[in-house]
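This briefing goes through the chain shown below, from its overall dimensions to single residues. Please keep the sequence and the coordinates open while reading.

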Amino acid sequence: SQFNDAQNSMNIYLGIILAALLVDYFLHALSRFLDLKNLSTNLPDEFIDHYSSEEYTRSQEYLRENTRFSYFTSSFDLMVILLVILLGIFNILDLWIRDFGFTPLISGLIFFGVLFLIQDIISTPFSLYRTFVIEEKFGFNKTTPKTYILDKLKGYILLLILGGLVLSLILYFFESFGDMAWLYAWMVMSAFLVLVQPLFTLVIAPMFNTFTPLEDGELKDKINQFARQVNFPISRIDVMDGSRRSSKANAYFSGIGKNKRIALFDTLIEKHSIEELLSIIAHEVGHYKHRHNIKGIILGVIQSGLMFFILSIFLNNPKLFAAFNMQNLSVYASLLLFSLLYSPVDLIMSFISNNISRKHEFEADAFAKKSIGTEENLIEGLKKLTVTNLGNLSPHFFTVWLNYSHPPVLDRIHALQNKY
């Protein structure tokens, strides 16, 4: 009777995980299909002066190419994870690591490290193809093989230091503190979410890009004047060598407290007027004024707290381990198996966070319009950014709901023209 109960429970856990993986795959496949069906040869009126018919056709071909590639990569990823689960690969890896006789904490770090390396080895050919074939074909790629390799190595170093530290603490807490472990793990993750902003500004971003102070001149003067006008404390205005990897353009601000950096891609400065750049910066300042970064951190803290609490319920659950044919219970394997079981909740939370993010983008646009006094410059900037990046002008609403952290560009333009 107990064996049958365990077998039934095993099937329930396995069923939930397999269903979640298949539903996620189906939803994203459906969104890609709807996006392609939604393509139209009719260029929207708003872009008649910005897209030639050839360039508009090229932007749609860029979407088709990326969509076909995404169909292939997502299908391959699904096949791999299903084989790993059904063939008991996690158990084979766990037994191999246990033979070394390390402590549970060290074994856990090796377990996740080996899984990451395997995943990275499998995904790297796809990354290379996307960068050096698709992006190259459409004129975006500026990454050299040397830069690609160095980026990989730097990413490994960061993951080893930051990821290793956070994972070590989480494993230690769940190994040592019983029912209160989830609370300590939550505190560590919350601290990391707060500290990662200044860490990104001061350490991580400069590892990958060169930041040069914006030269004295009209642009810098107008940015500083605008910052004083809206009481936005800027510690640095930098130009980032985005052209080192791609011809695409962007801008962002990072940091909290007094250490705020506005970073403008060099590709952005090359293609936009001073008025457009100022409106784009006003949009970024709008995120700060509406405290979107703080709200994002709070949402992340809530999500991690929920995840760790539910994890504590399923920690070392024999029935969950049985679903994966795991012969030994462990905290580190619990983290992995639970992450798969948690995926339906994670999918729902991503819908919520994307919806909030799109709302924040509208609010930042509205701030830019109000503080600059006109929407025209921001609209022009958005149009140029979309054309430069070959953005999709007609994403299906289902794709927006499922994937988009930013509203479609036409929705943003219409909101700027009519809503405020």
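The points below are grouped by topic, beginning with the chain as a whole.

The model is a predicted one, and its protein chain contains 16 helices and 4 strands. The radius of gyration is 24 Å, close to the 22 Å that the globule rule gives for 420 residues, so the chain is as compact as a globular protein of that length.

**Overall dimensions and packing**

- Along its principal axes, the C-alpha trace of the protein chain spans about 75 × 50 × 45 Å.
- Of the 420 residues in the protein chain, 46% count as buried, while the area that the chain exposes comes to about 21,200 Å², with carbon and sulfur atoms supplying 64% of it.
- When contacts with a separation of 6 or more are considered, residues 24 or more positions apart account for 77% of them.

**Nonpolar cores**

- The largest nonpolar core has 49 residues, of which Phe47, Ile223, Leu264 and Leu268 touch the most other members; helix α9, residues 274-289, contributes the largest share of this core, with 6 residues.
- Leaving aside residues up to four places away in sequence, Ile223 touches Leu214, Ile234, Ile237, Leu264, Leu278 and Ile281.
- A second core, separate from the largest one, has 42 residues, including Leu171, Phe173, Met189 and Val331.

**Strand β4 and its partners**

- Strand β4 covers residues 261-265, and 5 of its 5 residues are buried.
- In a regular strand the side chains alternate between the two faces of the sheet. In β4, Arg261, Ala263 and Phe265 point one way, Ile262 and Leu264 point the other way, and all of these residues are buried.
- The pairing of β2 with β4 is parallel and runs over 5 bridges, with Val239 standing opposite Leu264 of β4.
- Strand β3, residues 251-254, pairs with β4 in the antiparallel sense over 4 bridges, and here Phe253 stands opposite Ile262 of β4.
- Leu264 therefore appears in two settings, both as a buried residue of β4 and as one of the residues that touch the most other members of the largest nonpolar core.

**Helices α2 and α10**

- Helix α2 has 34 residues, 53-86, which at 1.5 Å a residue should span 50 Å; the distance of 49 Å between its end C-alpha atoms agrees with this.
- Ser74 has its place in helix α2, and because its relative accessible area is 15%, Ser74 is buried.
- Not counting residues up to four places away in sequence, Ser74 touches Tyr25 and Arg32.
- Helix α10 has 23 residues, 292-314, and the expected span of 33 Å, at 1.5 Å a residue, agrees with the 33 Å that separates its end C-alpha atoms.
- The buried residues of α10 include His292, Asn293, Ile297, Gly300, Val301 and Ser304, and also Gly305, Phe308, Leu311 and Phe314.

**Residues with positive phi**

- Most residues other than glycine have a negative phi.
- Asn231, although not a glycine, has a positive phi of about 55°; Asn231 lies in the loop between α7 (218-229) and β2 (236-240), and with a relative accessible area of 60% this residue is exposed.
- Arg291 likewise is not a glycine and has a positive phi of about 55°; Arg291 is located in the loop between α9 and α10, and at 53% relative accessibility it counts as exposed.
- Just after α10, Asn316 takes a positive phi of about 55°, and α2 is followed by Gly88, whose phi is positive and near 70°.

**Phe132 in helix α4**

- Phe132 lies in helix α4, residues 104-137, and with a relative accessible area of 24% Phe132 is partly exposed.
- The residues that Phe132 touches, not counting those up to four places away in sequence, are Asn141, Thr143, Thr144, Pro145 and Tyr148.
- Phe132 and Phe232 are 100 residues apart along the chain, and their C-alpha atoms are separated by 40 Å.

Notes:
Residues are numbered from 1 along each chain as its sequence is written. This is a predicted model: local features need pLDDT of at least 70, side-chain atom pairs count only at pLDDT 80 or more; totals for chains, interfaces and linings use all residues. Side-chain values use heavy atoms; hydrogens and water are left out. The expected span of a helix is 1.5 Å times one less than its number of residues. A nonpolar core is a set of buried Ala, Val, Leu, Ile, Met, Phe, Trp, Tyr and Cys residues joined through side-chain atoms within 4.5 Å. Buried means under 20% relative accessible area, exposed over 50%, partly exposed in between (1.4 Å probe, protein chains only). Contact means heavy atoms within 4.5 Å. The radius of gyration is taken over C-alpha atoms; the globule rule is 2.2 Å times the number of residues to the power 0.38. Accessible areas come from the Shrake-Rupley method with a 1.4 Å probe; for residues, only the protein chains shown count as cover. Two strands pair if DSSP finds at least two bridges between them.
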